[in-house]
2 protein chains.
Amino acid sequence: MSRRRRGEELEQAILRAAAEELRESGYAGMTMDGVAARAGTNKNAIYRRWPHRAALGIAAYRHLSDDAMPNPDTGTLRGDALEMLRLANETWSSPHGAVLRGLLAAAAEDPELLTLMRERSGADTMDRAWIGMLERAAARGEAPAAAVRHRVATVPMMLLRAEYAMRGVPSVPDEVLVEIVDEVFLPLVRGRG
Amino acid sequence: MSRRRRGEELEQAILRAAAEELRESGYAGMTMDGVAARAGTNKNAIYRRWPHRAALGIAAYRHLSDDAMPNPDTGTLRGDALEMLRLANETWSSPHGAVLRGLLAAAAEDPELLTLMRERSGADTMDRAWIGMLERAAARGEAPAAAVRHRVATVPMMLLRAEYAMRGVPSVPDEVLVEIVDEVFLPLVRGRG
DNA sequence: TGCATAAGGTACGCGTCGTACCCTATAAGG
DNA sequence: CCTTATAGGGTACGACGCGTACCTTATGCA
């Protein structure tokens, strides 16, 4: 008969099982019994490690993907911005993004979870990438130095996020991304000259 | 013994009860049994009218407040925009807004409900108010005519929405509203000249 | 080899949704 | 005025999922 797993090994098995459940059924469909069964263990082992379902969900999401932050350098501000938006749009409209949205929804009424989420969502890294993009544009003379501001740099991602909140699951059309760049981001950067 | 209510009268009683539960406990705390008990009826009467909890939640939210859309006219674009943002911020950070966020969260993975929400959330009315504001500014010569665009007009509200999504329950500080107007909205409008 | 620790197995309490069934008041129509 | 279809009232129940309790059993370590 098979060995009995413990410690790190068991923990990884649980996380893997939870991640699979997340991918297949989303956060709403991830049940503790399901994870336990899939991991070949029982709920005791889970609750000894995470206090509740949401905590496991967040940990498993983190386990699901180590998001490599892109840092496009197309040579123009417009190209860089579009590239960033398109990559984000792809990520968020994938099953992977659906899981993220489910978690965010679950955390909406639980501030504690929301902070947990934000810490691990890589939002800061994302913001830095946009600021870097603006700095390079400014160095090229493509943007006024006064435009290199956090509030300005984050506008496109904020708009994309809000667009997702309004629409349902499907991805945001590419025209919208182009509009965000051409009708908002670039005029805004220029308007600060 | 008291009359037995029917039709419209009973429906209103249920909606009133559901709205009270929403106000007191948020959407997550609104239970069907609770609403039935508070309305002095039973779940049959509810399920004969709404197919599930979420539908009742949305209907009750609508019943909770007939949102009079503000239409400030302070004489300057900056004043109008700030006023709109401040009103929206007040609304969303009130218990009333907490209910709305709870509903949105619940609807996040259910496209059908999301459209229901959007239809009744008055988002279109809100957009029109912002466009009207821009038009008046253009008429006063305070903004270029090219800035009167839907995508431009909706930017501040989108940013506020995204700000809410990032932070938890508490209201967005007034400085952020000022930043949205002074660092984004006004430069953007000017940048389109 | 003995023991503390942690995993396995299982059952349970609780809350909540949604459904079923049967009884009864009410309104509408002959 | 009486009958009958309709809809509300009462209640119980099945299903499901979370989180807990309790006991048994394997495993690593002293």
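How many residues does helix H4 (residues 53-64) of chain B have, and how far does the helix reach from its first C-alpha to its last? Select it and see: H4(B) has twelve residues and reaches 16 Å, close to the 16 Å expected at 1.5 Å a residue. (That expected span is 1.5 Å times one less than the number of residues.) Helices here are DSSP runs of H or I with at least four residues, strands are runs of E with at least two, and both are numbered from the N terminus.

Before moving on, some housekeeping. Residues are numbered from 1 along each chain as its sequence is written, while chains are lettered from A and ligands numbered from 1 in the order in which they are written. You're looking at a predicted model, where local features need pLDDT of at least 70, side-chain atom pairs count only at pLDDT 80 or more, and totals for chains, interfaces and linings use all residues.

**Stop 1: inside H4 of chain B**

Stay on H4(B) and pick out its buried residues: B:Leu56, B:Gly57, B:Ile58, B:Ala60 and B:Tyr61. Buried is a matter of counting C-beta atoms, placed from the backbone: 20 or more others within 10 Å of a residue's own make it buried, 12 or fewer make it exposed, and anything in between is partly exposed.

Now click B:Ala19, which sits in helix H1 of chain B. B:Ala19 counts as buried because it has 21 C-beta neighbours inside 10 Å. Leaving aside residues up to four places away in sequence, B:Ala19 touches B:Ala60, B:His63 and B:Leu64. Contact means that the C-beta atoms of two residues, placed from the backbone, lie within 7 Å.

**Stop 2: over to chain A**

Select chain A next. It has eleven helices and zero strands. Its C-alpha atoms fill a box of roughly 70 × 30 × 30 Å along the principal axes. Of its 193 residues, 36% are buried. Take the contacts in chain A with a separation of 6 or more: residues 24 or more positions apart account for 65% of them.

Zoom in on helix H1 (residues 7-25) and helix H4 (residues 53-64) of chain A, which pack at an angle of about 85° with their axes 8 Å apart. Axes are lines fitted to C-alpha atoms, for helices over the stretch in contact, and angles run from 0 to 180 degrees between N-to-C directions. That angle makes H1(A) roughly perpendicular to H4(A), a label for angles of 65 to 115 degrees. To light up the contact, choose A:Leu15, A:Ala18, A:Ala19, A:Leu22 and A:Arg23 on H1(A), then residues on H4(A) including A:Leu56, A:Ala60 and A:Leu64. By class, this contact has nine nonpolar, two polar and one charged residues. (Nonpolar covers Ala, Val, Leu, Ile, Met, Phe, Trp, Tyr, Cys and Pro; charged covers Asp, Glu, Lys and Arg; the others, Gly among them, are polar.)

**Stop 3: the DNA**

Show DNA strand D. Which residues are closest to it? Of the 21 residues that surround strand D, the closest are A:Thr31, A:Met32, A:His52, A:Arg53 and B:Thr41. A residue is near a strand if its C-beta atom, placed from the backbone, lies within 6 Å of it. The surface near strand D draws two or more residues from each of H2 (32-39) and H3 (43-47) of chain A, and H1 (7-25) and H3 (43-47) of chain B. Its residues divide into four nonpolar, seven polar and ten charged.

Switch to DNA strand C, with 22 residues around it; A:Thr41, B:Thr31, B:Met32, B:His52 and B:Arg53 come nearest. Here the surface has four nonpolar, seven polar and eleven charged residues.

**Stop 4: where the two chains meet**

Hide the DNA and look between the chains: 30 residues of chain B are in contact with 30 residues of chain A. On the chain B side, the elements giving two or more residues are H6 (95-107), H7 (111-120), H9 (150-153), H10 (155-166) and H11 (174-191). That side has 16 nonpolar, four polar and ten charged residues.

Select H10(B). Ten of its twelve residues are buried, so the helix is largely enclosed by the rest of the structure. Its cover includes H10 and H11 of chain A, along with H5, H8, H9 and H11 of chain B.

**Last stop: two exposed residues**

Finish with B:Asp174, found in helix H11 of chain B. B:Asp174 is exposed, with 12 other C-beta atoms within 10 Å. Then try B:Gly75, in the loop between H4 and H5 of chain B; with 11 C-beta neighbours inside 10 Å, B:Gly75 counts as exposed.

Methods: Parallel < 35°, antiparallel > 145°, perpendicular 65-115°, else oblique.
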